[in-house]
Amino acid sequence: MKLHALLAALFFTIPATTGTALDGHTLTLPHDLSAPATILILGFSRASSDATTAWEKSIRTNLATTAIDYYDIAFLQDAPAFIRPAILHSIRKQVPDALKPHFLPLTTNESAWKQASNFSLSAPDAGYVLLIDRAGNIHWQTHEPFNPARFNELSTAAHQLAASTH
């Protein structure tokens, strides 16, 4: 892990945020997290959906357990308020029912989330991946495109975190 990312992981926590998942349940992060390790996949633009989906598919199929949970988070704060219902309707149609409890569209706190995830203006359409504990402390992060080497790093870190806090 690069020194900057390591330092950020040691000193940052996610911002407390409440949202409604696509299945209708309200979730307050990090308060409502039950798994010892949770992976958050953040998308800050519409164009980030390919990047976030690549991470989400591998996380869901290879890592998600009772000890390692995940949420796919789409930020809609920059979308005009009158268009958000149409955007949410489109997202609900695209996301399969089984994934809706893990999909959290958010309309607040975007700047705090960008700070916590080390958002880069040179990578606005990236998928930002954070591994957090129940308190919201960030233990690992990236905004690199999905690749097997980075996924293996995430997998190792997630299993270590889950084992250490069980």
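In this predicted model, 29 residues line the largest pocket, and those lying nearest its centre are S49, A74, I91, Q94 and F103. The elements that give two or more residues to this lining are α2 (49-62), β4 (68-75) and α3 (84-94). Of the elements involved, α2 gives the most, with seven residues. As for the space itself, the volume of the largest pocket comes out at about 710 Å³. Sorted by class, its lining is a mix: 13 residues are nonpolar, nine are polar and seven are charged.

Helix α2 also turns up in a helix pair. Its partner is α5, which covers residues 148-164, and the two axes come within 12 Å of each other. They cross at roughly 45 degrees, and since angles from 35 up to 65 degrees fall outside both the roughly parallel and the roughly perpendicular ranges, α2 and α5 are therefore oblique to each other. The handedness of this crossing is right-handed. On the α2 side the contact is made by W55, S58, I59 and N62, while α5 brings in R150, F151 and L154. Split by class, the residues of this contact are four nonpolar, two polar and one charged. So much for the helix pair; α2 thus figures both in the pocket lining and in the contact with α5.

Turning to the backbone, two spots in loops deserve a mention. One is the peptide bond that joins L29 and P30, which is cis, with omega at about -5 degrees. P30 sits in the loop that runs between β2 (26-29) and β3 (37-43). The other is N109, a residue other than glycine whose phi is nonetheless positive, near 65 degrees. This asparagine, N109, is found in the loop between β5 (103-106) and α4 (110-116).

Note on methods
Residues are numbered from 1 along each chain as its sequence is written. This is a predicted model: local features need pLDDT of at least 70, side-chain atom pairs count only at pLDDT 80 or more; totals for chains, interfaces and linings use all residues. Side-chain values use heavy atoms; hydrogens and water are left out. On a 1 Å grid over the protein atoms alone, a cavity is a set of points where a 1.4 Å probe fits but cannot get out, and a pocket is an open set with protein on both sides within 12 Å along at least five of seven lines; lining residues have an atom within 4 Å of a point. Grid points are joined across faces, edges and corners, and a volume is the space filled by probe spheres set on the points. Helices (H or I, at least four residues) and strands (E, at least two) are DSSP runs, numbered from the N terminus. Ala, Val, Leu, Ile, Met, Phe, Trp, Tyr, Cys and Pro count as nonpolar, Asp, Glu, Lys and Arg as charged, and the others, Gly among them, as polar. Axes are lines fitted to C-alpha atoms, for helices over the stretch in contact, and angles run from 0 to 180 degrees between N-to-C directions. Angles under 35 degrees count as roughly parallel, over 145 as roughly antiparallel, 65 to 115 as roughly perpendicular and the rest as oblique. A crossing is left-handed if the near helix is turned anticlockwise from the far one by less than a right angle, and right-handed if clockwise. Contact means heavy atoms within 4.5 Å.
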